[in-house]
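I opened this entry to look up how the chains meet and how far to trust the model. My notes follow the display.

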There are 4 protein chains.
Amino acid sequence: MITEIPEKKFKLPASGSVRLEAFSDGVFAIAITLLVLEIKVPHHEELVKYGGLAKYLLHLWPEYISYFLSVIFIGIYWVNHHWLFSFVKKTNHVFNLMNVIFLMCISFLPFVTAILGDFVLDEAFMQPAITFYCIGFLLPVIPVTLIVLYATHRHRLVDPRLSAPFIKRQLTKLYTSLTCSTLSIIVSFYSPYIAFSIVLAMFILFLLPPETPVYGE
Amino acid sequence: MITEIPEKKFKLPASGSVRLEAFSDGVFAIAITLLVLEIKVPHHEELVKYGGLAKYLLHLWPEYISYFLSVIFIGIYWVNHHWLFSFVKKTNHVFNLMNVIFLMCISFLPFVTAILGDFVLDEAFMQPAITFYCIGFLLPVIPVTLIVLYATHRHRLVDPRLSAPFIKRQLTKLYTSLTCSTLSIIVSFYSPYIAFSIVLAMFILFLLPPETPVYGE
Amino acid sequence: MITEIPEKKFKLPASGSVRLEAFSDGVFAIAITLLVLEIKVPHHEELVKYGGLAKYLLHLWPEYISYFLSVIFIGIYWVNHHWLFSFVKKTNHVFNLMNVIFLMCISFLPFVTAILGDFVLDEAFMQPAITFYCIGFLLPVIPVTLIVLYATHRHRLVDPRLSAPFIKRQLTKLYTSLTCSTLSIIVSFYSPYIAFSIVLAMFILFLLPPETPVYGE
Amino acid sequence: MITEIPEKKFKLPASGSVRLEAFSDGVFAIAITLLVLEIKVPHHEELVKYGGLAKYLLHLWPEYISYFLSVIFIGIYWVNHHWLFSFVKKTNHVFNLMNVIFLMCISFLPFVTAILGDFVLDEAFMQPAITFYCIGFLLPVIPVTLIVLYATHRHRLVDPRLSAPFIKRQLTKLYTSLTCSTLSIIVSFYSPYIAFSIVLAMFILFLLPPETPVYGE
């Protein structure tokens, strides 16, 4: 059974940003779902050590919190990625590769989350666990900033009517995120609590809806 | 190779509910498929302990049942999510985030299922395993109720012609599910068998097809 | 940013078979990809036992073969699922649930494959490993047969012009598959080699392209 | 609720290359995301052995590099697969099966990556680990070459206006990749360093954008 693919006009967008978005949605969906694999199902012997299943499940609370934070974190990136494509009008090879780098940082998050959930309550390992989480928090901001810079530079890949002040505001937000994340990494060596508070504060700011794209001068 | 994305008119829906649905479908598909990873492949030593591979595979029966129940459970949510989008006409930032919370509860199910499958036959751990399963059963109902409340409040995101009595009937069903799930958690501390029966009864009710949306007064 | 979803006419198909196909494609894609997780990365101590990494990787050959067979097997089902939707014109609640059951059988295959790959070379466990594989081979055929029966009964969900003899030929093929798979399970208790040969023969037949749908009397 | 699927004209492409691309995107997305599962979360005892969490996380550097290389590698294949479908106009049964074989090689990469990351620093196992990586690098090139040969032979599945010299250039590139990958495997037995350099060189060449399809004589 040979299946004809219809006229080129319909085909081109499909192989343009539609596939890029579908591929990215796939990575987001999997990264969110894989997070739960990091919460370990106990063996019978472990349960005895913890004093029963109920106690074991309760003592997992830091893992539930880091699971929750990471799901919301990936969800926010999904919302913003989707928002980005409301004004990006073209894709090219460099943009595609940058997007792959960004997705790599997103799919690294289940590992970062597992480290945080497992060791944040452990006096000896809390500091490196939080430093690592701050690094994991910074990582996706770098390619996102590069992607927005690359796409908006001389309106390379965005709608030509997209307002310059709108672009500037987005870049300012991204530079602020980069600065705060870098700061949180440095601070984490001295005070993990303050570092984690910075991350949480950024987190809450990220929850705010992204600005609606502005067109025209 | 630069790929032009065509006229905005086609683009907008793609970045609207189409991506939300694609992303959600991805999470449903992965959650269903990950469930099988919780059924462990035995080591040679374990097989000797269980008296052979055939006996080992047969003794896994509670895992097969909890696998089956969880697949159907996620499948029902997929059907209902898909039905929800037959009358939701717009999405916004809050709706997107609520949907992420809902998907988080769905992707938590493989963990809940693994706990049930591993410990339901163990006298000592049966009660907490069933309580945990009842909690896992309740969890997605909460964001679903909030999503429907949010979307239908003053027809915020739904078709303006959607009938008010239809909306009311859906909310009544959701409140009933919330009440029964909460009840099953409480009951599970005293009688795990009755709690599990409540869950199974709700399960069978959930299998019924959702009501076709009614438009007009 | 509120995103309007356009006219209902475009919306309905999207929530019809398009989402069903997308969801199913997700499950197929994940099931194929999860198969590799069943091939274990060795610990250093194991390597010493096997006499080095090269020897370890070579001795994994039954796992590579069962990986290969299962990928092709899932791939064939994907091709046939896709072919099914070239003549299925509607979906309904029962059809959706049947499809979930079918996908459950598909996502069970990584477990079946792991059991075969791990134990087929082990004298003591070869017979149950092959019986289990034959069961895993039979499992998806059951819901597929029910799906085709349900969809084609009085042309319930298929194109009304679909030729009756074409439908009959498809059902005959499915009954033959059911019979052969059941036979292979029974035979596997007496002669695993003959059972595996039946499965391989069916496998090669499945590789043939499905019949192009015939319309009109 | 019965959902009608609209006119056949819209349906056919959806079951043509659109589903093939969606399915492939799913596999690419999952393969990229699964890679992180191969980076193991440590147990408390292991941390003591390594001298703390920070040291453990630092000593994982070869795993981070092999993670990075594999993500980019899969990303490049995704970009090229997407490019391939800008001139492939039809699909058929053989093409679908070849694509499944190709996806199998892609989803094998997380295993190859894990082996490289775990053993490349181990004197005793470095040579087989690199040989295995070279094999993993060669594997997807074989089905890609066959797919392009099959689709372009007498313009079987590609746009009939696709330029013959363009096709020839693509095949020459593929034959070169095949030769270099095979060479790297042979060389890896004598000098893993040179073999790895060949792979890295090919890698950098693969990063260049694929040629825009040329139409007309």
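I began with chain D against chain B. In this predicted model, 5 residues of chain D are in contact with 5 residues of chain B. I looked up the buried area next. Chain D and chain B bury about 480 Å² between them. Of that area, 73% lies on carbon and sulfur atoms. I then sorted the chain D side by class. The side that touches chain B has 3 nonpolar and 2 polar residues, and no charged ones.

I checked this interface for specific pairings. How many salt bridges does the rule find between chain D and chain B? I noted 0. For residue pairs in polar contact, with both residues at pLDDT 80 or more, the count is also 0.

I moved on to chain D against chain A. Here 53 residues of chain D are in contact with 40 residues of chain A. I recorded the buried area for this pair of chains as about 4100 Å². Carbon and sulfur atoms carry 73% of it.

Which elements of chain D give two or more residues to the side that touches chain A? I listed four helices and a strand: H1 (8–34), H2 (44–50), H3 (53–59), H4 (61–84) and strand S2 (90–91), each of chain D. The largest share comes from H1(D), with 14 residues. By class, I entered 33 nonpolar, 14 polar and 6 charged residues for the side of chain D that touches chain A.

I repeated the pairing checks here. Across the interface of chain D and chain A, the rule finds 0 salt bridges. It does find 5 residue pairs in polar contact, both residues of each pair at pLDDT 80 or more.

I turned to confidence. The model scores ipTM 0.83 and pTM 0.85. For chain A, I read a mean pLDDT of 86, with 92% of its residues at 70 or more.

Which element of chain A has the lowest mean pLDDT, and which the highest? Strand S1 (residues 3–4) of chain A is lowest, at 50. Helix H7 (residues 141–152) of chain A is highest, at 95.

I also marked a low-confidence stretch. Over residues 4–15 of chain A, pLDDT stays under 50. For that stretch the model has 23 contacts beyond four places in sequence. I flagged residues 4–15 of chain A in my notes for their pLDDT under 50.

How values were computed
Residues are numbered from 1 along each chain as its sequence is written. Chains are lettered from A and ligands numbered from 1 in the order in which they are written. This is a predicted model: local features need pLDDT of at least 70, side-chain atom pairs count only at pLDDT 80 or more; totals for chains, interfaces and linings use all residues. Side-chain values use heavy atoms; hydrogens and water are left out. Contact means heavy atoms within 4.5 Å. Buried area is the accessible area (1.4 Å probe) that two parts lose on being put together, summed over both. A salt bridge is a side-chain nitrogen of Lys or Arg within 4 Å of a carboxyl oxygen of Asp or Glu. A polar contact is a pair of N or O atoms within 3.5 Å; within protein, one must be able to donate a hydrogen and the other to accept it, and residues adjacent in sequence count only if both atoms are side-chain atoms. Ala, Val, Leu, Ile, Met, Phe, Trp, Tyr, Cys and Pro count as nonpolar, Asp, Glu, Lys and Arg as charged, and the others, Gly among them, as polar. pLDDT is the predictor's confidence in each residue, from 0 to 100.
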